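Q: I'm new to reading protein models. Could you walk me through some features, one at a time?

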Amino acid sequence: RRGREHARRHVRSHICVCKRPAPGSPRVAEDTRTLEPRRARYPIASTYPMKKDAQPSRTNTRLINDAECSNTSTPILLALGILSIPHKGATRAYIRDSMTAANPPGEERVVHRFVIAGQGADFLGLNREGKAHGDLLVLDKMSEGSESLSEKSLRWFMYAARSIPCARYVAKADPDTYIVWPKMRMQLGRMTSGHLSPRLYFGVHCDWTWMLPQVPQACGCCGFTVSHAWQLRTRKNAAWGSCDFANRSNAEHPKWSQQHGSPIDGPFPYAAGLFYGVSAPVVKWLATSPFFANALRSLRRSVWSARMRYTEELVFGWVMRQVPELTTVVLGQGDGDAFDNFDAAGGVQRAFRQASECYLRYGLTASNFTTGSFSKWGACCPEWLTPRQVLTHHVLDKAQWQRASAMAKRWAKLPADPCLTVPLRRVAGPARSRRDQPR
């Protein structure tokens, strides 16, 4: 009887706490920072507000199979995570305005999230912005900073795997990366219909490197090709140093001499950090991979060096190295083709030479590719965008973003000529070809 009385009092007190507020009383905003998947070993993320396609609810933590995804009334082509920081609300505003070009009527959707570290952030301001737009993804128990970039990127892909599982592709972009959406949608469609492996890893530029798994740290970086990576493997002047332990000192790493004879992983490709993505089968692999989960835990515990925690594209490339039957694809033939910096010195001439016959067919010269403005570097560096580019980098403010958008709209009026479309280039895949072998 005493137990029943205690239970009744507990129920009454619980009801009193949770009852609806009286009419006219001030409403208390729900603290969505605590809404995390129960099965996750570490906090994943929260969104403002909790939209159906973004809510990390317990029912959404399971992986949805392909049959269920095909029944979605509004298919998702791409889930894009744009890395941001809390006080850059003005930057998010002009990026958000340009996202309407990503979703033409009647086509598969592109959904985006601005990925922000939540620790120490102004949650009241972010909550107001999130309720107005519904596209903020705030990562719990994580501080902003260059040493958090690798963790931030990996947690975005983990979140997309659990909360936006029906996306055909998931990608990450920098906030100063302007995407030419008609071109990007075309390239994603070609990857879908092409004779490629279902497990795809793609970007607009690719380098090759090695990894010392037991440190963990890169070495012998960064080769333009597989052959170049093999040449850099034992060079002292290679980025991250030589992979030859006999030529390394304890000053570089406290236990460097003890690593002699330990395995070296590579070479493997990694896509440049301004934009890279993967297909849905890779996202599903990430969500269940012990290697991926361990990499995240290691980043959170600062097991990795500060430099590795900053170099997010290299860390993600090493994770991709573990994916079985993976094909790595690069858009275009190099810098200036599918992408370049918006203010790259001399880049406009190089880009014109890559497809000069095609451009001359439409009466275009290199001077037609410039916006008429110069970057902060002065007359050396005009702003430019070509009809073949899928994206451009270093678009740093609203005025530049608008000028890049105006150039993209101008090129969208050109005919759908194959010469104005950059090729898909396979750089690595399940079946190792002769060019993938060391030379």
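Q: Which residue in β10 is the bridge partner of Trp208?
A: In this predicted model, Trp208 has Pro269 as its bridge partner in β10. Trp208 belongs to a strand that spans residues 206-212, namely β8.

Q: How many bridges join β8 to β10, and which way do the two strands run?
A: Start with the general idea: strands in a sheet pair through backbone hydrogen bonds, and the pairing can be parallel or antiparallel. Here, β8 and β10 are joined by 5 bridges and run antiparallel.

Q: What is the order of the strands in that open sheet?
A: Read it as β9-β8-β10, an open sheet of 3 strands with antiparallel pairing. At the edges sit β9 (217-223) and β10 (265-271), each pairing on one side only. From one strand to the next, the twist averages 35°.

Q: Which helix lies across β8, β9 and β10?
A: That's α11, made of residues 312-321. To read its direction, compare it with a strand: α11 runs at about 120° to β10.

Q: Where is Ser242, and is Ser242 buried or exposed?
A: Look in the loop between α7 (226-232) and β10. For burial, check the relative accessible area: under 20% is buried. Ser242 comes in at 1%, so it counts as buried. Its side chain also reaches the backbone oxygen of Thr234, at 3.4 Å.

Q: Let's try a residue in a strand. Why does His112 count as buried?
A: Use that cut-off again: buried means under 20%. His112 has 13% relative accessibility, so it counts as buried. You'll find His112 in strand β3, which covers residues 109-117.

Q: What does the side chain of His112 make a polar contact with?
A: The side chain of Asp135, at 2.9 Å. Asp135 is also on the list of residues in contact with His112, along with Leu80, Ile82, Arg96 and Met99; that list leaves aside neighbours within four places in sequence.

Q: Can we zoom out? How many helices and strands does the chain have?
A: Count 14 helices and 16 strands. The chain has 439 residues, and 52% of them count as buried.

Q: What share of the contacts join residues at least 24 apart in sequence?
A: Take the contacts between residues at least 6 apart in sequence: 73% of them join residues at least 24 apart.

Q: And how much surface does the chain expose?
A: About 21,300 Å², with carbon and sulfur atoms supplying 52% of it.

How values were computed
Residues are numbered from 1 along each chain as its sequence is written. This is a predicted model: local features need pLDDT of at least 70, side-chain atom pairs count only at pLDDT 80 or more; totals for chains, interfaces and linings use all residues. Side-chain values use heavy atoms; hydrogens and water are left out. Helices (H or I, at least four residues) and strands (E, at least two) are DSSP runs, numbered from the N terminus. Buried means under 20% relative accessible area, exposed over 50%, partly exposed in between (1.4 Å probe, protein chains only). A polar contact is a pair of N or O atoms within 3.5 Å; within protein, one must be able to donate a hydrogen and the other to accept it, and residues adjacent in sequence count only if both atoms are side-chain atoms. Contact means heavy atoms within 4.5 Å. Accessible areas come from the Shrake-Rupley method with a 1.4 Å probe; for residues, only the protein chains shown count as cover. Two strands pair if DSSP finds at least two bridges between them. Axes are lines fitted to C-alpha atoms, for helices over the stretch in contact, and angles run from 0 to 180 degrees between N-to-C directions.
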